[in-house]
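Here is a brief report on a protein and its ligand. It covers the binding site, the pocket and some backbone details.

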Amino acid sequence: MTARVPAKVNLQLSVGPPRGDGYHDLVTVFHAVSLFDEVTVRPAERTSVAVTGEDSASVPANRANLAARAARALAAASMRRRGKSGVRIEIRKRIPVAAGLAGGSADAAATLVACNELWGTGLSQAELREVAASVGSDVPFALVGGTAIGQGRGEQLTAALTAGTYHWVLAFSAGGLSTPDVYAACDRLRARAADRQETGTGAGETGATGTGAADSAAGAGGPGGAGPVPPPRLSTELMAALRSGDPAAVGPLLSNDLQPAAVSLRPDLRRALNAGRDHGALGAIVSGSGPTCAFLAADARRARELAVSLTGAGVCRAVVQVKGPAAGATLIAAERG
Ligand code: C5P
């Protein structure tokens with residue numbers, strides 16, 4: 001069984017204070033884009049993972065691999081007998097690793113869809129989504145795709161009403177960023193900003209990079225400066241813009257509370273974001289925990305021009321042109337052996 005699964009960008013990522021369990025409450029707007037990994041599963045004595053393609057050397061091909069964990073979680077949830085739950089998982093990667101595009105979560109979601117079919121588990125979509133949430137916060141969204149609002153850790157999904165197709169350029173960075181490291185840096189920046197506020201040294205440097213709307217929710221207390229970190233909040237302005245289908249309205253409303261943290265860990269991202277804006281992007285944002293930058297263009301032609309300009313500017317490792325929303329994890333082939 002082979003499934004195809006999209007990468008995601010976050011059109012909004014509003015991050016609350018840290019929770020007791022090491023996670024942060026979020027409100028996020030997930031948007032699946034047309035950059036796909038493919039995962040094939042075949043019955044095998046023991047579960048194994050083989051990875052080819054983009055960044056394949058940096059994907060753990062062992063039990064810790066998210067796809068292998070997804071297969072085990074599905075076997076447990078569907079009470080599959082031990083001797084019958086081995087699969088060989090082949091992942092063909094185009095989504096870069098540790099890039100803020102949820103590539104590992106995508107592979108886990110594709111594995112769930114493919115194993116679910118291979119084993120005929122009979123689990124409902126809702127049950128499958130629950131298994132997905134146990135594997136990782138972004139895995140349920142990779143199952144459903146499209147554009148959706150995520151809450152809780154990001155695993156509680158509501159479909160979002162949107163119109164039109166959005167054209168993006170993704171700028172890949174050399175090297176990745178660890179998601180826990182970026183969340184930790186976000187907490188640090190916010191704590192520092194709150195300290196400064198308390199000691200009266202001003203809230204001028206809340207960790208914001210001053211590169212636009214996406215950075216404005218940077219410091220403690222989100223927009224408006226330091227103070228206790230407020231609960232995450234959905235941008236109703238962004239939702240209205242998405243319903244209108246007008247990329248020029250959506251672009252300035254893209255926001256990511258993790259962006260200042262990602263930029264603090266990788267200051268070179270600022271150059272990429274500025275280059276995108278200088279070359280006409282309607283919105284420029286770090287995707288999720290980064291380091292991939294996502295640029296919104298008015299249409300396919302302008303996205304192509306932007307991709308060429310960004311390549312010429314030498315501010316990233318590679319660029320791809322994609323569109324969204326894309327469908328979630330989908331079976332694309334079944335071989336009967
Ligand atoms: O759920 P997942 O395993 O993808 O999360 C990876 C890490 O990202 C967590 O261990 C946590 O450090 C961070 N995270 C978070 N709050 C979220 C989602 C992820 O702090 N809502």
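## Polar contacts to the ligand

A polar contact is a pair of N or O atoms within 3.5 Å. The model is predicted.

Serine 137 makes one such contact: a side-chain N or O atom lies 2.5 Å from an oxygen atom of the ligand. Histidine 24 also uses its side chain, with an N or O atom 2.7 Å from a ligand oxygen. Glycine 22 uses its backbone instead; an N or O atom there is 3.5 Å from an oxygen atom of the ligand. On its own, the ligand has 450 Å² of accessible area, and the protein covers 76% of that.

## The shell around the ligand

Which residues surround the ligand? They are Gly22, Tyr23, His24, Leu26, Gly136, Ser137, Arg153, Thr179, Pro180 and Tyr183. By class, four are nonpolar, five polar and one charged.

Two elements each give at least two residues to this shell: strand 2 (24-43) and helix 5 (179-199). Helix 5 has the largest share, with three residues.

## The largest pocket

Where does the ligand sit? It occupies the largest pocket. The volume of this pocket is about 1100 Å³. Its lining counts 43 residues, and those nearest the centre are Leu66, Ser105, Asp138, Thr179 and Pro180. Thr179 and Pro180 also belong to the residues that surround the ligand.

The lining divides into 21 nonpolar, 16 polar and six charged residues. Several elements supply at least two lining residues each. Among them are strand 1 (2-18), helix 1 (66-77), strand 4 (87-93), helix 2 (103-119) and helix 3 (125-135). Strand 2 and helix 5 are on that list too.

## Backbone details

Most residues other than glycine have a negative phi, and most peptide bonds are trans. The following sites depart from that pattern.

A cis peptide bond joins glycine 290 to proline 291, with omega about 5 degrees. Proline 291 lies in the loop between strand 9 (283-286) and strand 10 (293-297). Another cis bond runs from glycine 324 to proline 325, where omega is near 0 degrees. Proline 325 is in the loop between strand 11 (318-324) and strand 12 (330-333).

Aspartate 55 is not a glycine, yet its phi is positive, at about 60 degrees. The loop between strand 3 (48-53) and helix 1 holds aspartate 55.

How values were computed. Residues are numbered from 1 along each chain as its sequence is written. This is a predicted model: local features need pLDDT of at least 70, side-chain atom pairs count only at pLDDT 80 or more; totals for chains, interfaces and linings use all residues. Side-chain values use heavy atoms; hydrogens and water are left out. A residue is near a molecule or strand if one of its heavy atoms lies within 4 Å of it. A polar contact is a pair of N or O atoms within 3.5 Å; within protein, one must be able to donate a hydrogen and the other to accept it, and residues adjacent in sequence count only if both atoms are side-chain atoms. Accessible areas come from the Shrake-Rupley method with a 1.4 Å probe; for residues, only the protein chains shown count as cover. On a 1 Å grid over the protein atoms alone, a cavity is a set of points where a 1.4 Å probe fits but cannot get out, and a pocket is an open set with protein on both sides within 12 Å along at least five of seven lines; lining residues have an atom within 4 Å of a point. A molecule sits in a cavity or pocket if more than half of its atoms lie within 2 Å of its grid points. Helices (H or I, at least four residues) and strands (E, at least two) are DSSP runs, numbered from the N terminus. Ala, Val, Leu, Ile, Met, Phe, Trp, Tyr, Cys and Pro count as nonpolar, Asp, Glu, Lys and Arg as charged, and the others, Gly among them, as polar. Grid points are joined across faces, edges and corners, and a volume is the space filled by probe spheres set on the points.
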